[in-house]
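Work through the exercises below with the sequence and the 3D view at hand. Each task is followed by a solution in steps.

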Amino acid sequence: MSTNIEFAVEMSGDEMPEKIKSCLGDTAGVDDIRIFPGTSTVVIKSSLPVSILQEKLESTGQRAVIKGYGGTETGSLQAAVAMVGGECGYGLGQVQGVVRFIQANENECIVDGTIDGLSPGLHGLHVHEFGDISDGCNNVGDHFKKTDTPHGAPDNDPNFRHTGDLGNIQVDNDGRAQFRFVDNVLKVWDVVGRTVVVTEDKDDLGKGPNLQSTIDGNSGKRLGCGIIARSAGLFENTKRICACDGVSLWDERNKPLAGPGRRNRL
């Protein structure tokens, strides 16, 4: 499923629109590119993970920041984001990343993310009940479920999976997972304020030989987590600079959402 992703891209010269078209034009999974030089805005219709599109935009030599994500010109039904690790989430060792949730329509939620610092192979990804990371991932509760159902695979019938069962993500040899998939059970409005968790082991999707398999998929230690918060949809984020602390749009990607590291020390 393709959706519209809105980026702010530094426009340092008249040649930038052509550079952007050149770096993205022949990319499989990119359906349309619209460039608005006057507002430094690029809207890409694509089925690729946000991180891949951002890397391609920055191959032009200019910084790119995601501003909004949605299925239509007026935005999505809802969008949310979770910062895993770093100063805003929790991560063991070098585990950190971002997971986005976009409600493209009433029945389809896009889950898009990049997580670094994991061992190569498969790792479980789930939404848990509570948004409490004051003690790492210990207080986030069990997998989120709206009804009393067993743990299962994301493509199971809703009666045979938890609402928050997102299956496994594939990590490459560099320790990075880049993923984007559509879930037909999860709803953004149900998960805002809860926590997304990545685990040490592969999720057995409820197919293991013991009772624990139907509870959490035997996916091991919780390596990283982040609270899911409401985020901007398409054309909803008009911010250029935060008046409270002087952090510009371009600098914000390198700063936490809150805390001492947020402040701009000039």
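**Exercise 1.** Which strands does helix H2 lie across, and at about what angle does H2 run to E1?

Solution. The model is a predicted one. Begin by finding residues 50-58, which form helix H2. Next, trace the strands beneath the helix: H2 lies across E1, E2, E3 and E4. Last, compare directions: H2 runs at about 35° to E1.

**Exercise 2.** Find the order of the strands in the open sheet, and name its edges.

Solution. The sheet has four strands, in the order E2-E3-E1-E4, and their pairing is antiparallel. An edge strand pairs on one side only, and this picks out E2 (30-36) and E4 (64-70). From one strand to the next, the twist averages 20°.

Now add helix H1, residues 16-24, which packs on this sheet. H1 touches E1, E2 and strand E3 (41-46), and its direction makes about 170° with that of E2.

**Exercise 3.** How many bridges join E1 to E4, and which residue in E4 is the bridge partner of Phe7?

Solution. Strand E1 covers residues 3-9 and is joined to E4 by six bridges, the two running antiparallel. The bridge partner of Phe7 in E4 is Ile66.

**Exercise 4.** Which residues touch the most other members of the largest nonpolar core?

Solution. This core has 25 residues, and the answer is Phe101 and Ile115. Follow Ile115 outward, leaving aside neighbours within four places in sequence: its contacts include Val95, Leu125, Ile169, Phe179 and Val198. Another core, of 21 residues, lies apart from the largest one; among its members are Cys23, Val30, Ile35 and Ile44.

Conventions:
Residues numbered from 1 in each chain as written. Predicted model: local features only at pLDDT ≥ 70, side-chain atom pairs only at ≥ 80, totals over all residues. Heavy atoms only, no water. Pairing = 2+ DSSP bridges. Axes fitted to C-alpha atoms, helices over the stretch in contact; angles between N-to-C directions. Contact = heavy atoms within 4.5 Å. Core = buried A, V, L, I, M, F, W, Y, C linked by side-chain atoms within 4.5 Å. Buried < 20%, exposed > 50% of the residue type's maximum accessible area, 1.4 Å probe, protein only.
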